[in-house]
Amino acid sequence: MRRFCRVTTRVALILLVGQAFLLSRPVLQGSPPAAAASAVDVSKIPSIQAMREWLDDLYAESVLAKGKHRFTLEHQERIVKNAGGAISKILELEKRANLSSRKVSDSFRAAFEKTEEILQFIIQSNEEVIEKLQEEKLVKVEDTQGVLDSPEWQMPHRVISLSRYWMSWSRYYRSFLYPEGNPEADSLLREAIGGFSLTLFDIEDQTIVAKSLFGRALCFKERKKYERAAADFDSITKHVRHNDPLYMWSLYEQALIAYRLGKYEAALAHLD
C-alpha cells in the first residue's frame, strides 16, 4: 500500500512538472522519417519491455545521426522532448506493475537508466559543440559578448539545460526503485540535486526554473534534509502565482515537513 501511494503521488507530480512543458514546446520543422524512433508517440507504448526496446532505438538513432553529422539542434530537442515523455510513461506503467518483483523493478530501473544515457549523450554532444566554438571563435574575435549572445552559442546551452532537467527527474524517480536506505538511491538523489541546481542557473525559462526548484526540494525531503527542502518550497511560494499548481503543492509539502519536524501549528497554518 505504501509503495502504491508513493507511485501514485509520483505520477501526479511528473504530470505537474512535465505536461505543461511538453505541450508548450513549439512544433519543430523537418520531422524525421516515420520509421525513426523519435517519430513514435511515446504515450502509446504499451509495456515496459516495449519502452526499453524503443529507448534502445532512440539511442541508436541519436548515435547514427551524430555519426552522419545530421544531429541538428531541432533533432536533439525532439529527442529531449521524447525523453521527458518517456519518464511520464514509465511512471504510468509503474502503476500497473508488480514492483515487489526484482525482475520487474529491474526492468523499470533499466528504462530510467537508458533514458538518462540518451540525455547524457545529448549533453556530451553539445558540450563538444561549445568547446569547438570556444576554440574556433571565442578566443579569436573582439566581440566576445556578441558570440555569447548568439543563437549558435545559446542553443547548445539550452539543450544541455533541458537534458539535465529531465535527467534529474529520471534520477529522482529511479531512486524509489531501490529499498529505503539503499546507498544507490541516496547517490541518485544527490546527483539529481546537483542537476536541478545547475538548471536553476543555466536557463532563463522561469517555468523550468520553478519546477527545478521544486524537484530539488523533493530530493532534499527524501534525503531528510528538511530545512533545505522547506527553504526551496518557501522560495517557490514567493515567486509563483497563487493559482499555479506548484504553489499549492509547495504549501502541502511544507505542511508535511513541518509535521515531521514536530511543528504542528506551522503544519496546520500551511494547510489552512
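Helices (H or I, at least four residues) and strands (E, at least two) are DSSP runs, numbered from the N terminus. With that in hand, welcome to the tour. The model is predicted, so local features need pLDDT of at least 70 and side-chain atom pairs count only at pLDDT 80 or more, while totals for chains, interfaces and linings use all residues. Residues are numbered from 1 along each chain as its sequence is written, and side-chain values use heavy atoms, with hydrogens and water left out.

**Whole chain**

Start with a cartoon view. The protein has eleven helices and zero strands. Of its 272 residues, 48% count as buried (under 20% relative accessible area; exposed is over 50% and partly exposed lies in between, with a 1.4 Å probe and protein chains only).

**Stop 1: the core**

Select Met51, Trp54, Trp169, Tyr172 and Phe233. Within the largest nonpolar core, which has 63 residues, these five touch the most other members. Such a core is a set of buried Ala, Val, Leu, Ile, Met, Phe, Trp, Tyr and Cys residues joined through side-chain atoms within 4.5 Å. Helices that each supply at least two residues of this core include H2 (48-67), H3 (73-94), H6 (151-174) and H9 (226-239). In soluble globular proteins, nonpolar side chains tend to be buried together.

**Stop 2: Ser212**

Now pick Ser212 in helix H8. Ser212 is buried, at a relative accessible area of 0%. Add Ser197 to the selection: the two are 15 residues apart in sequence, and their C-alpha atoms are 7.4 Å apart.

**Stop 3: salt bridges**

The whole structure holds 17 salt bridges (a side-chain nitrogen of Lys or Arg within 4 Å of a carboxyl oxygen of Asp or Glu). Three pairs make a good walk.

- Glu116 and Arg174 meet at 2.7 Å, N to O. Glu116 sits in helix H4 and Arg174 in helix H6, so this pair ties together parts 58 residues apart in sequence. Glu116 is buried at 6% relative accessibility, and Arg174 is buried at 7%. Widen the selection to Glu113, Arg171 and Glu191 as well, and you have a network of salt bridges that includes both Glu116 and Arg174.
- Asp186 and Arg190 have their closest N and O atoms 3.3 Å apart. They are four residues apart in helix H7, so about one helical turn separates them. Arg190 is partly exposed at 45%, as is Asp186 at 28%.
- Glu227 and Lys263 form a salt bridge at 3.8 Å, N to O. This pair links distant parts of the chain, 36 residues apart: Glu227 is in helix H9, and Lys263 is in the loop between H10 and H11. Glu227 is exposed at 52%, whereas Lys263 is partly exposed at 42%.

**Stop 4: surface patches**

Switch to a surface view. Patches are made of residues with over 30% relative accessible area and no salt bridge, joining like charges within 9 Å and nonpolar side chains (Val, Leu, Ile, Met, Phe, Trp, Tyr) within 5 Å.

Select Glu127, Glu131, Glu135 and Glu136 for a negative patch (Asp and Glu count as negative, Lys and Arg as positive; His and chain ends are not counted). Each charge is placed at CD of Glu, CG of Asp, NZ of Lys or CZ of Arg. Glu127 is found in helix H4 and is partly exposed at 40%. Its C-alpha lies 7.8 Å from that of Ile160, 33 residues away along the chain. Glu135 is also in helix H4 (102-138), partly exposed at 49%.

Finish with Tyr252, Leu268 and Leu271, a nonpolar surface patch with about 320 Å² of accessible area together (Shrake-Rupley method, 1.4 Å probe, with only the protein chains shown counting as cover for residues). Leu271 belongs to helix H11 (264-271) and is exposed at 55%.
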